[in-house]
Structures are given as C-alpha cells and as structure tokens.
Amino acid sequence: MQITQTSLTMIGLNTNEPQVFWNGLKVDGIVGIAVDNDADSKRVVLKFNEDPMLAEMQAAGITIKRV
C-alpha cells in the first residue's frame, strides 16, 4: 500500500493509461504529460484534447478565457 498526501498525484506514468489526481479527484481527458525536473526549472505540463469548436473560434481571432 502506498499513501501520499499532496495536491498533485501522478500514477502509472510509464504505462499506456497514466492517471493524474488533483486534491484526490481524478483529472480526465489528459493526452500527454511532460515533467521537467532540471536544476533551473521544475514544472509539470498536462496536455488535453481541445474542443474543436473552441479551436476554430480561437483560429478566427476570438479570445477564449478559461476559468
């Protein structure tokens, strides 16, 4: 049994179906994960599928604000 207590938890990053949890809730729709743990920068980048309609609106010059 593994117990963690943190806001961001990533499980199975070396598998075809990694899982990401934020404050204990599963984050769905992730298509890519990149982790940079260099001496200069430490960051996690999660890539999601973009809604095709929003992508089309953004390409037309409309600013999309996510809240």
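The following paragraphs lead through a predicted model of a single chain, from its overall dimensions to its sheet and its helix.

Taken as a whole, the chain holds 1 helix and 5 strands, and from the N terminus on these elements follow one another in the order β-β-β-β-β-α. Along its principal axes the C-alpha trace spans about 50 × 30 × 25 Å. The radius of gyration is 15 Å, whereas a compact globule of 67 residues would have a value near 11 Å. Burial can be read beside these dimensions: of the 67 residues, 6% count as buried, the term being reserved for residues under 20% relative accessible area. Contacts between distant parts of the sequence can be expressed in a similar way, and among those that join residues at least 6 apart, 7% link residues at least 24 apart.

Within this chain, 3 strands form an open sheet, arranged in the order β1-β2-β3 and paired in antiparallel fashion. The edges of the sheet are β1, which covers residues 8-11, and β3, which covers residues 25-26, each of them pairing on one side only. Between β1 and β2, the latter made of residues 19-22, there are 4 bridges, and the two strands run antiparallel. The register of this pairing can be followed through individual residues, for threonine 9 stands opposite phenylalanine 21 in β2, and isoleucine 11 stands opposite glutamine 19 in β2.

On the other side of the pairing scheme, β2 and β3 are joined by 2 bridges and again run antiparallel. Here phenylalanine 21 appears once more, standing opposite lysine 26 in β3, so that residue may serve as a reference point when tracing the sheet across its strands. The hairpin formed by β2 and β3 has 2 residues between the strands, and in it asparagine 23 takes a positive phi near 50°.

Towards the other end of the order of elements comes helix α1, which comprises residues 52-59. This helix is hardly covered, since the count of buried residues among its 8 residues is 0. Just after α1, glycine 61 takes a positive phi of about 100°.

The surface and the charges complete the picture. The accessible surface of the chain comes to about 6100 Å², and 52% of that area belongs to carbon and sulfur atoms. As for the charged side chains, there are 6 positive and 8 negative ones, and the centres of the two sets lie 5 Å apart.

Note on methods
Residues are numbered from 1 along each chain as its sequence is written. This is a predicted model: local features need pLDDT of at least 70, side-chain atom pairs count only at pLDDT 80 or more; totals for chains, interfaces and linings use all residues. Side-chain values use heavy atoms; hydrogens and water are left out. Two strands pair if DSSP finds at least two bridges between them. Buried means under 20% relative accessible area, exposed over 50%, partly exposed in between (1.4 Å probe, protein chains only). The radius of gyration is taken over C-alpha atoms; the globule rule is 2.2 Å times the number of residues to the power 0.38. Contact means heavy atoms within 4.5 Å. Accessible areas come from the Shrake-Rupley method with a 1.4 Å probe; for residues, only the protein chains shown count as cover. Lys and Arg count as positive and Asp and Glu as negative; His and the chain ends are not counted. The place of a charge is taken as NZ of Lys, CZ of Arg, CG of Asp or CD of Glu.
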